[in-house]
Amino acid sequence: MCARTWIHMDEDNDVRDFLNRIQLLITNAGRDLHLLCDIGSSEQDRVTYDTLQEIWLLKPDMILFLRLLPKFVRAFGVVPSADEIPARYIESLVDNLEFLLNYKADFVAPVKEKLEVIKGILKILKGLKLLHTTIEFTRELDVFAVVFVHFILEAPMTKLNSWSYLPVYNDVVQKLQISLRLLLIYILCCGIHNESLTIFDLVVNEFWSFINSLDNREPNEDLGKEFDLAISRLVQKMEPMASKILKGTIEKQKPALSFSQIDSLGCIDLVSQNLLRLLDHRIDSIAPVAHQIEVVLFDIKNFRPFLEGNVDQQGERKEVLDVCKHMTNLFVKFECVVDKFVLYPSSIWNNHLDNVTEEIKHFKKIVEFSQIYMGKKDVPSDCQTSKPSTPTIDEAVVGLEDQIEILMVRVIRGGAELKTIPIFGMPGIGKTTLAKRIYNDRRISDHFDIQAWCSVSPGHKVSELAQDILISIVDLSSDTYKSKEGKGLEYLDRLRKQLHSGRYLIVLDEVWNSHIFDELHRCFPDNHNGSRILVTSGRKYEDPLFDEPLLVRLLTPEESWELLQVKYNHLRFCTQEEFRKPPIPNENCPAEVGKEIAVKCQGLPLAIVLVAGFLVNLEDNSDWLTITEEAFSSETNRDVGDCNEIIELSYKNMPGYLRQCFLYFAALPMSTEISVLKLTWLWVSEGFLRRDEVKKPEEVAEDYLNDLMGRSLVMEARRSSKGGLKSCRIHNYLYHFCQDKSKVEKFLPVASRFEAFFLDTPFIPLTRTKIYSSERRRPSPLPKSIFRGVDHVRVLDLGCINIGNTFHPEIERLVHLRFLSLQGDMTVIPSWISKLWNLETFLVKGREGEIALPDTFFSMKRLRHAHIDNFTFSDSNLSQLDCLQTLSTPSLSYDTGNIMRSYPSLQKLKCIFLESWGHSEKLGESCYRFPVLDFLNQLESLNVIYQGRVLLPCEFNFPSNLKKLTLSKFQLPWVEISAISALPNLEVLKLLSEAFEGGEWNVSDEEFAKLKFLKLGNLNITLWNISDDAFPSLEHIVLQNCKQLIEIPSEFGDSCSLQKIEVFMCGESVSQSARNIEESQQDNGKGKFKVTIQNPNPIRD
């Protein structure tokens, strides 16, 4: 019956025994087939299943054979002969099978299919080159594992199919198949262990037993539940190996790309957005790979829910997070290869794309496996338990006496009802220290019956916090309150009852989540006896349960110097007496040096404390000021102290998308005000924003910035006339933290100064951001290596560099750019600018007058913000830019103003009006005609500078929806302002630099009905007269350099809406009139009315 003689293998008993068992199986199968001829077709099913079961029982030996095959090959010594010998064994088995398959074919049809499976498996074994000590985790191995598991489960699956169960329960069975396949790959790649082999065999055997127990029952709801439960239990049996499988699988993957995954979810959203853009743009070069892109987009869509459920919540299973990161890495890798293919279409990059696509296809199975085992484990209670504490004053509280007294009054007085007073501020500013000062004050202990201090950590449950407070206010020896066995609700109820007994003060320190407080608040009864709750937080919450918050301010220079002395003189006693330094000021640190050092701490108490500890350990003869300046540098600051530990806590408690927005400040200049507009444009271009179906990207970016400000990580610098945030800044310590964290997280390869970029920043092929910032006032020359490694760049900011009189040709190929900022002597923008079809923000600062814009500019359909100094264009054959929202600064005449119809979505415009004279149908005569803009229905902000002579009469055509208007250099008589006063939605008006001329401005009733902000600057106005009902909504007046104005109208003293007047460089009589209005307002009960006067000039005779 054998076609060949069996090859004997004395070199290895394990492999020889396995092959002998295969030979015996085939011999028995032949015998059964021979008997089949005599017993007839009625017994075919029994013989078929008996044969299949015998094949199935070989499964552990087959796995063992696969794992031992490398050892078996090495026993033959030479690789070529070793490759041949196992092949001869397998060929002999295949030949024997083919002999059986040809024996009485009519009678062996049922068994023939099963034997074909064995034949296929043996051919796979023959084809695999398992000749290495360690089997690599390849796609070929994965394919083999799929086939092998299918083969192992063939018997029970066949029976399921014969009962018509498989179509009903296929999804459940697939979970088992995936788990077994990954377990098999782990065994083959990472070595055989008794645990893994035992689990594999146990699961397969129990699955077979379960299938046999079903006994062809009718499918129904009960059977479905039984089936689900059985498979779930089998999968759970493999759970002990799940972490090892995932860890081993990840370790076998190819090295990851070097890029940040601070926000993996945002990362794949950006990949998806970019790939969709490529498909929508229909680039010819993308056509050959369009189908692959569509497949990957589908994969991203399916992967996103799994990623969102794990990464955003910072899941506790590191292996699952690693799977998420690797899959994200593969998607980014795919996008990078596509980007390269767009730039350099070739078979090389096409092949790379095929390889990455196969990697994604293969790794999807790992993700499926992770989904099976992604259930989260509870953190042991002993890891979460907080320790209640009663604080002691171990920090010196210097300064802030004003805030201490304000807070003390609010705590002790302020009414009988229960109040919750939030104390918030940036990390290290002294929130906890201030609360401790209040808590330990003698006046507090005399006033309150019950005091409790509770430190809140992010992992605490409400019931644990309630227990901690209980332990602070009752007998500490009480087992009732110490026990952790009681139900959480009991602690909440016991605390509430305990606090009913008197007036209480509860301090909740470092509350990171307002939801925790909302739940805990029900424990605090309002006894109408003046009870208080103090809440310290690094984040400002809008919570109706909170009273007016107290924002802890930075220390003044005097307070900073005082605190430095106190801390230094205290710390010096901690050193040995022989090394103890004299108190400061001393010869190493005279008062003027100490004050300068203190100022460098920028009013942050924690920074001062850390610097004091740093100074105590300096050598006596050291130059303290120089060393301290170095200590505040980016590189040395880490040695100064552990401010970062506090900032790290804030960092960890924010979502990934907010972390990268925070770290982005490291890419911007230090110690400068940062334009909010530019910052939000950068965030949008970087793709940091989560998808929002309602809000515009810029609105989402503003929400993120407000969130960072609410966490006290970003500070307000200036506000706009409309009350919105115009510029912001961050503390230098936070800036250094962002720089250091960026390096650790492999985030943005940028530096704070242009000079440092080329010295400190390594070349990274995947660089997508290049921001060149400088502290120099004059622009730097263009470096030669500036365009090195820019293929993938999305943001290129050269705003501090003079690029010369032409656009660098390298820019033309940067088709992935979203943000481009340039400065130079150019007078023409090249026509190829339209090739940058992804561009969303385009900023050009010209240094040589007008800049001519090409017609191709109007084909840049994705452009949202274009700011080009004093540009001109033709008005022929121009298409519409529907996305453009902000634009500056085109030069427009009445004849060319029609070009603005190309921007129907424009919301903000700064422009230059040129002189234009012609006939007006509206006035019925010739007049000066301004460009018509009334068709811009979405325009809300308009800033116009006029260049030319003034010829009267004139005609304005502004859109009725306008909310902010700035006019300069029009030199119009005040009578022409009537067209502006009638604008129904105008809220902000700035009249600057001779916008209007004439000695007298009269404003009648109900003019400027909605105006809230008015600024008059550099005008020659003398008399300003208003009626009683003029400016009914005005809140803020700014007068600057109006030296001929006699006074501000006294009618404003009775205005119900006015809140603030600012006077700069005006006459003394104007200043005095502002003070008189302030007195009138205060007499009318407006105690918060504010007047600011700077540099008043004496009134002229």
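1. E994 is a reasonable place to begin, since this residue is partly exposed, with a relative accessible area of 40%. In this predicted model, E994 sits in the loop between β24 (988–992) and β25 (996–997), and its phi is positive, at about 60 degrees, although the residue is not a glycine. Most residues other than glycine have a negative phi, and most peptide bonds are trans, so the backbone here deserves a second look in the coordinates.

2. K969 presents a similar backbone feature, with a positive phi of about 70 degrees in a residue that is not a glycine. K969 is placed in the loop between β22 (964–968) and β23 (972–973), and with a relative accessible area of 43% this lysine counts as partly exposed.

3. Two cis peptide bonds should be noted alongside these phi values. I584 and P585 are joined by a cis peptide bond with omega at about 5 degrees, and P585 is found in the loop between α24 (557–571) and α25 (591–600). The other cis bond joins S888 and T889, with omega at about -10 degrees, and T889 belongs to strand β16 (residues 886–892).

4. As to the whole protein, the secondary structure comes to 36 helices and 31 strands, and 53% of the 1101 residues count as buried. Among contacts with a separation of 6 or more, 65% are accounted for by residues 24 or more positions apart. The accessible surface comes to about 49700 Å², and carbon and sulfur atoms hold 49% of that area.

5. How many of the nine residues of helix α18 are buried? Eight of the nine residues of this helix, which spans residues 431–439, are buried, so α18 is largely enclosed by the rest of the structure. The buried residues of α18 are K431, T432, T433, L434, A435, K436, I438 and Y439, a list in which both lysines, K431 and K436, appear.

6. T536, in strand β4, is in contact with K431, T432 and A435 of the helix just described, and its contacts beyond four places in sequence also include I423, L508, D509, E510 and V511. T536 counts as buried because its relative accessibility is 0%, below the 20% cut-off. Its side chain makes a polar contact with the side chain of D509 at 2.5 Å.

7. R539 is found in the loop that runs between β4 (532–537) and β5 (550–551), and at 25% relative accessibility this arginine counts as partly exposed. R539 and P422 are 117 residues apart in sequence, while their C-alpha atoms are 9.8 Å apart in space.

8. On the surface, V143, V146 and V147 form a nonpolar patch, with about 210 Å² of accessible area together. V146 is in helix α6 (residues 139–152), and at 40% relative accessibility V146 counts as partly exposed. An α-helix has 3.6 residues a turn, so residues three or four places apart point the same way.

9. The cysteines complete the note. The count of disulfides, by the sulfur-to-sulfur distance rule of within 2.5 Å, comes to zero. C601 is buried, with a relative accessible area of 1%, and C800, at 15% relative accessibility, also counts as buried.

Conventions: Residues numbered from 1 in each chain as written. Predicted model: local features only at pLDDT ≥ 70, side-chain atom pairs only at ≥ 80, totals over all residues. Heavy atoms only, no water. Helix = DSSP H or I, 4+ residues; strand = E, 2+ residues; numbered from the N terminus. Buried < 20%, exposed > 50% of the residue type's maximum accessible area, 1.4 Å probe, protein only. Contact = heavy atoms within 4.5 Å. Areas by Shrake-Rupley, 256 points an atom, 1.4 Å probe, with all protein chains shown as cover. Patch = residues over 30% accessible without salt bridge, like charges linked within 9 Å, V, L, I, M, F, W, Y side chains within 5 Å. Salt bridge = Lys/Arg side-chain N within 4 Å of Asp/Glu carboxyl O. Polar contact = N/O pair within 3.5 Å; in protein donor to acceptor, adjacent residues only side chain to side chain.
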